[in-house]
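Colleague: Before I use this model, I would like to go through the ligand site and the empty spaces. Please give the reasoning behind each label.

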Amino acid sequence: MNSKRVAIVTGSSRGIGAATAKLLAGKGYRVCVNYRADAAAARAVADELVSAGATAIAVQADVSLEDDAVRLFKTVDKELGPVEALVNNAGMLLPQMRVENMDAGRINRILATNVTGAFLCCREAIKRMSTRHGGRGGSIVNVSSAAARTGSPGEYVDYAASKGAIDTLTRGLSVEVAAEGIRVNCVRPGFIYTDMHADGGEPDRVDRLADSIPMGRGGSPEEVAHAIAWLLSDEASYVNGTFIDAAGGR
Ligand code: NAP
């Protein structure tokens with residue numbers, strides 16, 4: 001019954017978001033590929049989906065900016081219809097650093113994208129999904145991180161704390177809108193092979209840490225995407241306010 005549902009996957013020009021957009025399109029969703037800066041990459045993802053027979057658009061919007069987040073959802077209203085599935089995947093980190101060296105500019109940048117962006121997108125989604133506002137319900141999956149549990153000491157405690165906020169957002173919002181036809185759940189990936197680690201200053205970070213993972217290897221974006229897609233789907237119709245750790249047992 002997922003056929004033709006409208007999905008927005010924030011930050012889906014690459015990595016876990018791109019894998020999720022592709023999986024959802026394959027399941028029949030009409031997909032909005034959102035990105036912040038890399039138009040060519042987002043276009044390539046959307047084009048691949050369209051070539052495979054899906055309906056997909058690419059929409060630039062920095063989710064940390066209120067006007068951009070509002071425009072993202074309005075564009076989707078117009079081009080695909082009201083959103084019924086939201087994946088709050090857009091996230092960022094900055095070079096590894098101890099807390100004693102972090103300035104306010106860095107901390108606020110992390111929080112703006114990883115926390116404010118997720119809140120704004122939840123807000124816009126609820127306005128459209130909630131039966132309280134005449135909507136038909138929907139499903140939201142937030143992408144947190146195993147870092148919310150470990151705290152990422154010596155690497156990026158700011159990033160880890162932003163993911164702790166996502167866990168709390170998931171729990172609180174899931175109860176707030178549970179009676180309005182909306183489920184809110186969360187996936188916490190572990191060490192996944194994406195380009196994000198290069199942004200943290202260590203492209204080979206997953207390989208360095210592989211031995212510390214109980215399963216002995218890093219994960220693929222597709223392995224995370226499957227957990228996201230299941231939580232979005234009707235197969236998870238009685239699952240709300242919960243977390244899937246896609247972290248190889250970590
Ligand atoms: P990634 O490869 O760095 O991709 C990030 C995506 O988010 C890109 O499409 C990027 O678009 C977009 N983006 C960044 N800031 C944005 C903003 N303000 N507004 C809109 N889009 C924005 O990341 P990833 O590794 O796939 O991670 C995806 C999610 O999983 C993130 O929330 C991350 O924290 C989480 N996660 C990842 C790992 C891991 O090991 N990779 C582990 C745990 C959790 P542009 O390129 O256009 O800027």
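Colleague: What makes up the shell around the ligand, by class?

Modeller: The model is predicted. In it, the shell has 12 nonpolar, 13 polar and five charged residues. Gly counts as polar and Tyr as nonpolar in that division.

Colleague: Which residues come nearest to the ligand?

Modeller: There are 30 residues around the ligand, and S13, A37, N89, Y159 and T194 come nearest. A residue belongs to that group because one of its heavy atoms lies within 4 Å of the ligand.

Colleague: Why is the approach of Y159 to an oxygen atom of the ligand called a polar contact?

Modeller: A polar side-chain atom of Y159 lies 2.5 Å from that oxygen atom. The cut-off for a pair of N or O atoms is 3.5 Å, so the pair qualifies. N89 takes part through its backbone, with an N or O atom 2.7 Å from an oxygen atom of the ligand. For D62, a polar side-chain atom lies 2.8 Å from a nitrogen atom of the ligand. Both pairs are within 3.5 Å and therefore count as well.

Colleague: How much of the ligand does the protein cover?

Modeller: On its own the ligand has 910 Å² of accessible area, and the protein covers 97% of this.

Colleague: Where does the ligand sit?

Modeller: The ligand sits in the largest pocket. That wording requires more than half of its atoms to lie within 2 Å of the grid points of the pocket. Helix 1 (15-26), strand 2 (30-35), helix 6 (157-176) and helix 7 (196-199) each give two or more residues to the shell around the ligand.

Colleague: What is the volume of the largest pocket, and which residues are closest to its centre?

Modeller: About 830 Å³ of space lies in the largest pocket. Its lining has 44 residues, with R14, A90, G91, M92 and M196 closest to the centre. Helix 4 (104-129) is among the elements that give two or more residues to this lining. By class, the lining divides into 19 nonpolar, 15 polar and 10 charged residues.

Colleague: Why is one space called a cavity and not a pocket?

Modeller: A cavity is a set of points where a 1.4 Å probe fits but cannot get out, whereas a pocket is open. The search finds one cavity of 30 Å³ or more. The largest cavity has a volume of about 80 Å³, so it passes that size limit.

Colleague: Which helix gives the most to the lining of the largest cavity?

Modeller: Helix 4 does, with five residues. The lining has 13 residues, and N88, N89, A90, N114 and A118 lie nearest the centre of the cavity.

Definitions and conventions
Residues are numbered from 1 along each chain as its sequence is written. This is a predicted model: local features need pLDDT of at least 70, side-chain atom pairs count only at pLDDT 80 or more; totals for chains, interfaces and linings use all residues. Side-chain values use heavy atoms; hydrogens and water are left out. A polar contact is a pair of N or O atoms within 3.5 Å; within protein, one must be able to donate a hydrogen and the other to accept it, and residues adjacent in sequence count only if both atoms are side-chain atoms. Accessible areas come from the Shrake-Rupley method with a 1.4 Å probe; for residues, only the protein chains shown count as cover. On a 1 Å grid over the protein atoms alone, a cavity is a set of points where a 1.4 Å probe fits but cannot get out, and a pocket is an open set with protein on both sides within 12 Å along at least five of seven lines; lining residues have an atom within 4 Å of a point. Helices (H or I, at least four residues) and strands (E, at least two) are DSSP runs, numbered from the N terminus. Grid points are joined across faces, edges and corners, and a volume is the space filled by probe spheres set on the points.
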